[in-house]
Amino acid sequence: MSDLTPHDDHGSAPARLGHSPVADSPHTLRVADTDPKAAKRAERQVASMFLLSMVLVVAFIVCYWTIDKSTNIYIPVFGEVGLMTIALGLTSGLSILLIGTAAIQWAKKLMPDVEVVQQRHEMVSPEDATAEAVANYERGKEESGFVRFPIIRRTLIGAMALFPIPLVFLLRDLWQSPVSGTLTPAEILSTTIWKKGERIVVDATYQPIKAADLPIGGLVSAVPASLPEVQEAEGNLNARGKAAIILIRMDPAEIVSQQGDGWDYQGILAYSKICTHVGCPIALYEQRTHHLLCPCHQSTFDLANSGNVVFGPAARNMPQLPIGVDSEGYLIAMDDFSEPIGPSFWERG
Ligand code: FES
């Protein structure tokens, strides 16, 4: 148990150390220790920061409701960025920063600034030591200013009470469609921009892929060819998040089962890239076992056997995309996914 009262080697409790035996130099008082006006000024600074943090939480809520999600602004270096993303990030980030800064300012300028010696003692404290610890706690509570500075106490409580509100607003989007507000999460995750005849292209370069481009044991991260236009029109990354896939190729004789007949093309299989546990993107593939490993919580999927879970917390197989080739020999989707992609939180009803 920690004993914050300075002791000498014989167990008695000396007064706090104006002249520290630990650092052999005289204790220097801070301005706020000797000047009541400076202390008052520091108190106002701390309270102002807590107040401003509360104002920023309100600003976060206003931005959330008023800014159009498709509005982008151009920022040098970063390029096109969603205005809402910037506004929510700045307001919530500054709100947290102000709470932290205010706490540091409070500790540095107003909380007790004395050196204490902590002696080692038996694991089980005697009763008088316990009583002394309680007394120390009470004294610490008094000296911390929690009782003495009511403005700081109230603004701190206010700031901490409002601080979780942005999280509630962000979680709300898990249950509502950003478009209509009527679709369930399972319905939202059941539809992607994949459709029959949609060419499969390499992620980032958007190069179409021929079957011969992918050797046995190879893996390619891919997206639909129409993704750039959809992203441009929607002004967000939702379509990318749902349509991202991986293409892998194995010897057709090694395929144990698929989620439908003939969903592969000459041993090339396409699976969603989004983990069915909580949605991390996956591309760690071991070609010898055909296992796909999620780096977040180690869920492992057997891509030679319907993408079934062989290890880890994921409760659902990895959704497979049926594929074929077009008249020019490029890989295409034969349909959309037949089941929701991504996390399965919605299964809990
Ligand atoms: S997100 Fe993949 S295992 Fe948790």
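In this predicted model, Pro-319 turns up in the loop that runs between strand 10 (308-311) and strand 11 (320-321). Despite its place in a loop, Pro-319 counts as buried, because 23 other C-beta atoms lie within 10 Å and the cut-off for burial is 20 or more. Setting aside residues up to four places away in sequence, Pro-319 touches Tyr-271, Ser-272, Phe-337, Glu-339 and Ile-341. Two of these contacts, Tyr-271 and Ser-272, fall within the range of strand 6 (268-272). As for Asn-308, eleven residues separate it from Pro-319 in sequence, and the C-alpha atoms of the pair are 9.3 Å apart in space.

Stepping back to the whole chain, there are nine helices and 13 strands. The chain has 349 residues, and 24% of them are buried. Contacts often reach a long way along the sequence: taking those between residues at least 6 apart, 62% join residues at least 24 apart.

Now for the cores. In soluble globular proteins, nonpolar side chains tend to be buried together. Here the largest nonpolar core holds 39 residues, and the members that touch the most others are Ile-200, Leu-247 and Ile-323. Six elements each give two or more residues to this core: strand 3 (200-202), strand 4 (219-224), helix 9 (238-243), strand 5 (245-249), strand 6 (268-272) and strand 13 (331-333). Ile-200 shows how these pieces come together. Leaving out neighbours within four places in sequence, Ile-200 is in contact with Ile-209, Ala-222, Leu-247, Ala-270, Ile-323, Leu-331, Ile-332 and Ala-333. Both of the other top members, Leu-247 and Ile-323, are thus on the contact list of Ile-200. A separate core of 14 residues lies apart from the largest one, and its members include Val-46, Ile-99, Phe-149 and Ile-152.

Helix 2 deserves a paragraph or two of its own. Helix 2 (residues 36-66) and helix 5 (residues 150-162) have axes that come within 9 Å and cross at roughly 20°. The two helices are therefore roughly parallel, and their crossing is left-handed. On the helix 2 side, the contact is made by Glu-43, Val-46, Ala-47, Phe-50, Leu-51, Ser-53, Met-54 and Val-57, while helix 5 brings Ile-151, Ile-152, Thr-155, Leu-156, Gly-158, Ala-159 and Leu-162. Sorted by class, that gives eleven nonpolar, three polar and one charged residues. Val-46 and Ile-152, which take part in this contact, are also among the members of the 14-residue core.

Helix 2 also packs against helix 3 (residues 83-109), at an angle of about 165° and with the axes 8 Å apart. That angle makes the pair roughly antiparallel, and the crossing is again left-handed. The contact between helix 2 and helix 3 has 19 nonpolar, seven polar and one charged residues.

A further partner is helix 6 (residues 165-172), whose axis comes within 9 Å of the helix 2 axis and crosses at roughly 20°. Helix 2 and helix 6 are therefore roughly parallel, with a left-handed crossing. Val-57, Phe-60, Ile-61 and Tyr-64 of helix 2 meet Ile-165, Pro-166 and Phe-169 of helix 6. By class, this contact has seven nonpolar residues, with no polar and no charged ones. Val-57 of helix 2 appears in the contact with helix 5 and also in the contact with helix 6.

Definitions and conventions. Residues numbered from 1 in each chain as written. Predicted model: local features only at pLDDT ≥ 70, side-chain atom pairs only at ≥ 80, totals over all residues. Core = buried A, V, L, I, M, F, W, Y, C linked by C-beta atoms within 7 Å. Buried ≥ 20, exposed ≤ 12 C-beta atoms within 10 Å, placed from the backbone. Helix = DSSP H or I, 4+ residues; strand = E, 2+ residues; numbered from the N terminus. Contact = placed C-beta atoms within 7 Å. Axes fitted to C-alpha atoms, helices over the stretch in contact; angles between N-to-C directions. Parallel < 35°, antiparallel > 145°, perpendicular 65-115°, else oblique. Left-handed = near helix turned anticlockwise from the far one by under 90°. Nonpolar A, V, L, I, M, F, W, Y, C, P; charged D, E, K, R; others polar.
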